[in-house]
Amino acid sequence: MPQESAVYTHGHHESVLRSHTWRTAANSAGYLLGSLKPHMQVLDVGCGPGTITADLAALVPQGRVTGLERAPEVLAQARDTAAGRGLTNVRFEVGDVHALDYPDDTFCVVHAQQVLQHVGDPVQALREMRRVTRPGGIVAVRDADYSAMTWYPEVAGMADWQRLYLRVARGNGGEPDAGRRLHAWARQAGFAPDAVTATAGTWCYRTPDERSWWSELWADRTVGSAFARIAVEGGHATEEELRRIAAAWRAWGAEEDGWFAVLHGEIVCRV
């Protein structure tokens, strides 16, 4: 079976987990929630620190949720998240979405948030997600689209960040503009066109607290995370250029009129 060939661009630096632990089912999987039933068996692919996974488990109290993550080091935090909420219907496992270690027709829902942009073969990943979903079940995927991210005002250096991120992510074997491609990948994976509902969602950061949080985590990520190391080692940027981009993020965050929007593609695929 195919195995992961892409490198995860962000890693699990504190600045990355600062963003990941902010995510909830409400702010990151709202397009899916109306389809959940209390008895469902759910697979959450790329669960990271488990905040969305825990929310899903709370929404299927008579069912069970499995959180799957390629990086085992983050699963201790995910288990602590679930335990802290008193959830007993959730478990966490290490695995690769390209070759899921589950029988056919295992889950009612297979969900992935911000995953397919980072994998080497998103179509194969969707084939596997479809394989382990029961007939009548759902494959639900949401991914950002980096070229579609937009902000105001135009602070010098912010566009450099966007161009750099696109180069680094694609150099790692991923597709940072995954959001716009999800419905096409689903068709290539074998889903009938009329079985796929494609929508879009956003995150928007506008208030002083939101701007401060978003700009600081990206400033820190630009100089301190795996992204920074890969950018330098891959010849995409120098450390000085990364420091300049981090300063641009902080300058944008200090703008009284600052506004930033993240566009996501979303698909719900009926099996």
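Trainee: Where does Ala254 lie in this model?
Mentor: Keep in mind that this is a predicted model. Look just past helix α11, which covers 239–253, and before strand β8, which covers 259–270. Ala254 sits in the loop between α11 and β8.

Trainee: Is Ala254 buried or exposed?
Mentor: Its relative accessibility comes out at 64%. The cut-off for exposed is over 50%, so Ala254 counts as exposed.

Trainee: How far apart are the C-alpha atoms of Ala254 and Ser212?
Mentor: Along the chain, Ala254 and Ser212 are 42 residues apart. In space, their C-alpha atoms are separated by 7.3 Å.

Trainee: And α11, how does its axis sit against that of α7: oblique or roughly perpendicular?
Mentor: The axes of α7 (residues 158–171) and α11 come within 8 Å and cross at roughly 125 degrees. Roughly perpendicular covers 65 to 115 and roughly antiparallel starts over 145. The crossing is left-handed. With that angle, α7 is oblique to α11.

Trainee: Switching to the largest pocket, which residues lie nearest its centre?
Mentor: The pocket holds about 660 Å³ of space, and 42 residues line it. Elements giving two or more residues to that lining include α1 (14–20), β1 (41–45), α9 (208–224) and β8. Nearest the centre you'll find Tyr8, Gly46, Gln114, Val115 and His118.

Trainee: How many charged residues are in the lining of the largest pocket?
Mentor: Sort the lining by class and you get 19 nonpolar and 16 polar residues. The charged class, meaning Asp, Glu, Lys and Arg, comes to seven.

How values were computed:
Residues numbered from 1 in each chain as written. Predicted model: local features only at pLDDT ≥ 70, side-chain atom pairs only at ≥ 80, totals over all residues. Heavy atoms only, no water. Helix = DSSP H or I, 4+ residues; strand = E, 2+ residues; numbered from the N terminus. Buried < 20%, exposed > 50% of the residue type's maximum accessible area, 1.4 Å probe, protein only. 1 Å grid on protein atoms, 1.4 Å probe; cavity = no way out; pocket = protein on both sides within 12 Å on 5 of 7 lines; lining within 4 Å. Points joined across faces, edges and corners; volume = space filled by probe spheres on them. Axes fitted to C-alpha atoms, helices over the stretch in contact; angles between N-to-C directions. Parallel < 35°, antiparallel > 145°, perpendicular 65-115°, else oblique. Left-handed = near helix turned anticlockwise from the far one by under 90°.
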